[in-house]
Amino acid sequence: MSIIIFIVLLSVFQYYKSFYGLKGEIMLMEGEAPSFPVLIYDIKNNKKYEIRNIFYDVQYDANNGNNLIAVIDNEIYKINEYQRTGFANRQLLYTGENVRYPKFVPDKNAISFTQKDKLTYYDLDTKKSIVIAKLLLPGYDWLDSDTVLFTEVDNSGSLNIMAYKISNNKIYVFKKDAAYPSLSYNKKFLAYQRGNVRNVVYIEEINGSHRKSVRVNSIGLLPYKPSSDGNYLIGAMYYAGHADVVIINVTNNKIRKIFPGIFPSVLDWKE
């Protein structure tokens with residue numbers, strides 16, 4: 001009996017050890033309307049919060065994790081010094097029909113968003129906008145202050161991650177036969193998928209040799225976001241009838257379920 005207890009305790013210890021390095025905060029929304037609450041997970045304290053408000057498509061500010069960017073109706077707002085009890089302090093940034101999925105551009109006073117499926121860059125100082133590309137597939141992310149990544153379908157039907165540079169107005173293939181780019185909060189690690197395989201995610205260091213992958217036993221894993229050290233991945237494992245938001249240890253493929261039964265329309269992770 002003592003041997004069995006020891007094995008059980010060792011297994012539990014190894015499981016919790018797999019997630020010892022986790023830090024930061026995760027934010028997500030299940031639906032694409034303000035009727036759905038914003039869900040927050042405080043990793044360090046293992047606490048969950050629910051905020052019911054009129055905003056949706058909520059994301060952390062890439063330049064200040066204490067702020068958010070979000071949509072209400074056809075308006076994009078910056079939410080200053082947000083509280084886990086609500087989003088009272090807000091600033092209007094842009095108004096336009098069918099605006100969705102806003103993000104702050106890192107190290108610039110600019111934002112991006114989709115408008116009628118067109119990925120758009122908007123300078124908050126000059127009030128000028130640039131239409132970057134038509135997004136046929138959801139999801140895009142900023143590699144740096146000058147380069148945004150998104151997925152495009154080429155003439156043969158293959159998926160490629162494309163890059164657009166603001167400085168020279170050029171689009172080029174960043175990674176062939178790849179899709180759904182997602183950068184860590186510090187922009188050091190890129191997560192993506194290949195071909196039509198949706199249950200495998202690759203994580204690689206932008207300026208280094210670190211490259212790993214995770215495979216899950218669900219239909220797919222999407223959306224997702226890597227940690228700032230490349231050792232973890234948050235994402236939605238989805239099945240035929242439901243989905244679970246999980247954290248995955250990239251090294252040993254251990255999985256921690258944090259929001260069961262939730263299929264998020266957006267998710268983000270600041271550290």
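In the predicted model, Lys-78 touches Asp-61, Asn-67, Leu-68, Asn-89, Arg-90, Gln-91, Leu-93 and Phe-104, when residues up to four places away in sequence are not counted. Lys-78 lies in strand β6 and is buried, yet the residue has no salt bridge. The nearest side chain of opposite charge is that of Asp-61, at 4.6 Å, and because a salt bridge is counted only when the side-chain nitrogen is within 4 Å of a carboxyl oxygen, the contact between Lys-78 and Asp-61 is not assigned as one.

Strand β6, which spans residues 75-79, also contributes to the largest nonpolar core of the model. This core has 29 residues, and those with the most contacts inside it are Ile-76 and Ile-111. Two or more core residues are given by each of β1 (25-29), β2 (38-42), β4 (56-61), β5 (64-72), β6 (75-79), β7 (90-95), β8 (99-104) and β9 (110-115), with the largest share, five residues, coming from β5. Leaving aside neighbours within four places in sequence, Ile-76 is in contact with Ile-69, Ala-70, Val-71, Gln-91, Leu-92, Leu-93, Tyr-94, Val-99, Pro-102, Ile-111 and Phe-113, a list in which the other of the two residues with the most contacts inside the core, Ile-111, is included. Apart from this core lies another, of 17 residues, among them Phe-189, Val-201, Ile-203 and Val-216. In soluble globular proteins, nonpolar side chains tend to be buried together.

Two of the strands that contribute to the 29-residue core, β8 and β9, also take part in an open sheet of four strands, ordered β8-β9-β10-β11 and paired in the antiparallel sense. The edge positions are held by β8 and by β11 (129-134), each of which pairs on one side only, and the twist from one strand to the next averages 20°. Within this sheet, β9 and β10 (residues 118-123) are joined over six bridges in antiparallel pairing, and Ser-112 stands opposite Tyr-121 of β10. A further open sheet is formed by four strands in the order β12-β13-β14-β15, again with antiparallel pairing. Here the edge strands are β12 and β15 (170-175), which each pair on one side only, and the twist averages 30° from one strand to the next. The antiparallel pairing of β14 (residues 159-165) with β15 extends over five bridges, and Lys-165 stands opposite Lys-170 in β15.

A search of the whole structure finds ten salt bridges. One of these joins Asp-141 to Lys-187, with the closest N and O atoms 3.2 Å apart. Asp-141 belongs to the edge strand β12 (residues 140-142), whereas Lys-187 is placed in the loop between β16 (178-183) and β17 (189-194), so that the pair ties together parts that are 46 residues apart in sequence. Both partners are buried, Asp-141 with a relative accessible area of 4% and Lys-187 with one of 19%. Another salt bridge is formed by Lys-225 and Asp-268, whose closest N and O atoms are 3.6 Å apart. Lys-225 lies in strand β20 (residues 220-226) and Asp-268 in strand β24 (residues 266-270), so this pair connects parts that are 43 residues apart in sequence; both residues are buried. Asp-141, Lys-187, Lys-225 and Asp-268 are, moreover, linked in a network of salt bridges. In a further pair, the side chains of Glu-204 and Arg-211 meet in a salt bridge with an N to O distance of 3.3 Å; Glu-204 is buried, with a relative accessible area of 15%, whereas Arg-211 is partly exposed, at 46%.

Backbone geometry was also examined. Strand β20, which holds Lys-225, is likewise the place of Pro-223, and a cis peptide bond with an omega of about -5° joins Leu-222 to Pro-223. Positive phi values occur in residues other than glycine at Asn-46, where phi is near 50°, and at Lys-127, where phi is about 65°. Asn-46 lies in the loop between β2 and β3 (47-51) and is exposed, with a relative accessible area of 55%; Lys-127 is placed in the loop between β10 and β11 and is exposed with a relative accessible area of 52%. Most residues other than glycine have a negative phi, and most peptide bonds are trans.

Terms used. Residues are numbered from 1 along each chain as its sequence is written. This is a predicted model: local features need pLDDT of at least 70, side-chain atom pairs count only at pLDDT 80 or more; totals for chains, interfaces and linings use all residues. Side-chain values use heavy atoms; hydrogens and water are left out. A nonpolar core is a set of buried Ala, Val, Leu, Ile, Met, Phe, Trp, Tyr and Cys residues joined through side-chain atoms within 4.5 Å. Buried means under 20% relative accessible area, exposed over 50%, partly exposed in between (1.4 Å probe, protein chains only). Contact means heavy atoms within 4.5 Å. Two strands pair if DSSP finds at least two bridges between them. Axes are lines fitted to C-alpha atoms, for helices over the stretch in contact, and angles run from 0 to 180 degrees between N-to-C directions. Lys and Arg count as positive and Asp and Glu as negative; His and the chain ends are not counted.
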